[in-house]
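Open the model in your viewer and keep the sequence panel visible. The stops below are meant to be taken in order.

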Amino acid sequence: MLWIPALLFPLIGQTQVDFNRDVRPILADKCYHCHGPDEENRNSSLRLDSAKGAARAVRGKTPEDTEFIQRILSTDPAVQMPPPESNIAKKLSTAEIAILKAWVARGAPYAKHWAYERPIKRPIPAATDSQWTQPIDRFIASRLGKEGLPHGPRAPRELLLRRVTLDLTGVPPSPAELSAFLNDNS
């Protein structure tokens, strides 16, 4: 088990640790109960749900110098975080510890929740295949290409109608609606 973090650090270095994607879910699941926004459940003055609070916890020259990482790695039940008595399911995994260490090593950049960030219009990726002409198709094809995954075939028209009808009304299209849709080429 001790070799797992050694394998994860090179991977984390290659793919940038993103606060909202990688770190916030760990903090929300394992730390916010005692160090989050709920004043009634908060067990200390340290808040990890704010940039100011998190900055207090991650002061140090190296990740191992920070109180945050020292408490995560501690085996002393009086110091260890999350505390052993809190809940056995809240124990941090080796992969989660590696992510938190990598985040602290990068300077522990804190980001607002994505819902509070101003949207940024990104340039539409170039079409890699002539069948993917819509902007959303190009974004999906670009991401699939980066991940080394093939994209599936275009969905048949009857499946597209079924999807949109279920989304809008909650029931599948009637045979008359399906026939009218399939006969309309506009």
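The tour runs from model confidence through a helix, the core and the aromatic rings to two backbone details.

**Confidence**

This is a predicted model, so start by colouring it by pLDDT. The protein chain averages a pLDDT of 84, and 90% of the residues score at least 70. Now select residues 1–14, where the pLDDT is below 50. In the model this stretch has 13 contacts beyond near neighbours in sequence. Where pLDDT is low, the predicted coordinates should not be read in detail.

**Helix α2**

Select residues 19–30, which form helix α2. Its buried residues are Phe19, Asp22, Val23, Arg24, Ile26, Leu27 and Lys30. They lie on the same side of α2, because they cover an arc of only 165° around the axis. What do these buried residues pack against? Show α3 (32–35), α5 (67–73) and α6 (94–105), and the partners of the buried residues of α2 are on screen.

Before leaving this helix, go to its start and show aspartate 18. A side-chain oxygen of aspartate 18 comes within 3.3 Å of the backbone nitrogen of asparagine 20.

**The nonpolar core**

Next, select Val23, Leu27, Leu48, Phe68, Ile72, Leu100 and Trp103. Within the largest nonpolar core, which has 22 residues, these are the ones with the most contacts. Two or more residues of this core come from each of α2, α4 (51–57), α5 and α6. Which element gives the largest share? That is α6, with five residues. In soluble globular proteins, nonpolar side chains tend to be buried together.

Centre the view on leucine 48 and display its neighbours. Leaving aside residues up to four places away in sequence, leucine 48 touches Leu27, Cys31, Tyr32, His35, Ala54, Ala57, Phe68 and Tyr110.

**Aromatic rings**

The structure holds three aromatic pairs. Select phenylalanine 19 and tryptophan 103: the ring centres are 5.6 Å apart and the planes stand at 40°, so the pair is tilted. Phenylalanine 19 belongs to helix α2 and tryptophan 103 to helix α6, so this pair ties together parts that are 84 residues apart in sequence. Phenylalanine 19 and tryptophan 103 are both buried.

Keep tryptophan 103 selected and add phenylalanine 68. Here the centres are 6.0 Å apart and the planes at 75°, so the pair is edge-to-face. With phenylalanine 68 in helix α5 and tryptophan 103 in helix α6, the pair ties together parts that are 35 residues apart in sequence. Are phenylalanine 68 and tryptophan 103 buried or exposed? Phenylalanine 68 counts as buried at 8% relative accessibility, and tryptophan 103 is buried with a relative accessible area of 1%. Finally, add Tyr110, since ring pairs link Phe19, Phe68, Trp103 and Tyr110 into a cluster.

**Two backbone details**

Most residues other than glycine have a negative phi, and most peptide bonds are trans. The last two stops depart from these patterns.

- Go to the loop between α5 and α6, where proline 82 lies. The peptide bond from methionine 81 to proline 82 is cis, with omega near -15°.
- Go to the loop between α6 and α7 (135–147) and select alanine 108. Although not a glycine, alanine 108 has a positive phi of about 50°. Alanine 108 is also buried, because its relative accessible area of 12% falls under 20%.

Key. Residues numbered from 1 in each chain as written. Predicted model: local features only at pLDDT ≥ 70, side-chain atom pairs only at ≥ 80, totals over all residues. Heavy atoms only, no water. Buried < 20%, exposed > 50% of the residue type's maximum accessible area, 1.4 Å probe, protein only. Helix = DSSP H or I, 4+ residues; strand = E, 2+ residues; numbered from the N terminus. Arc of directions from axis to C-beta. Contact = heavy atoms within 4.5 Å. Polar contact = N/O pair within 3.5 Å; in protein donor to acceptor, adjacent residues only side chain to side chain. pLDDT = per-residue confidence, 0-100. Core = buried A, V, L, I, M, F, W, Y, C linked by side-chain atoms within 4.5 Å. Phe/Tyr/Trp six-rings, centres within 6.5 Å; stacked < 30°, edge-to-face > 60°.
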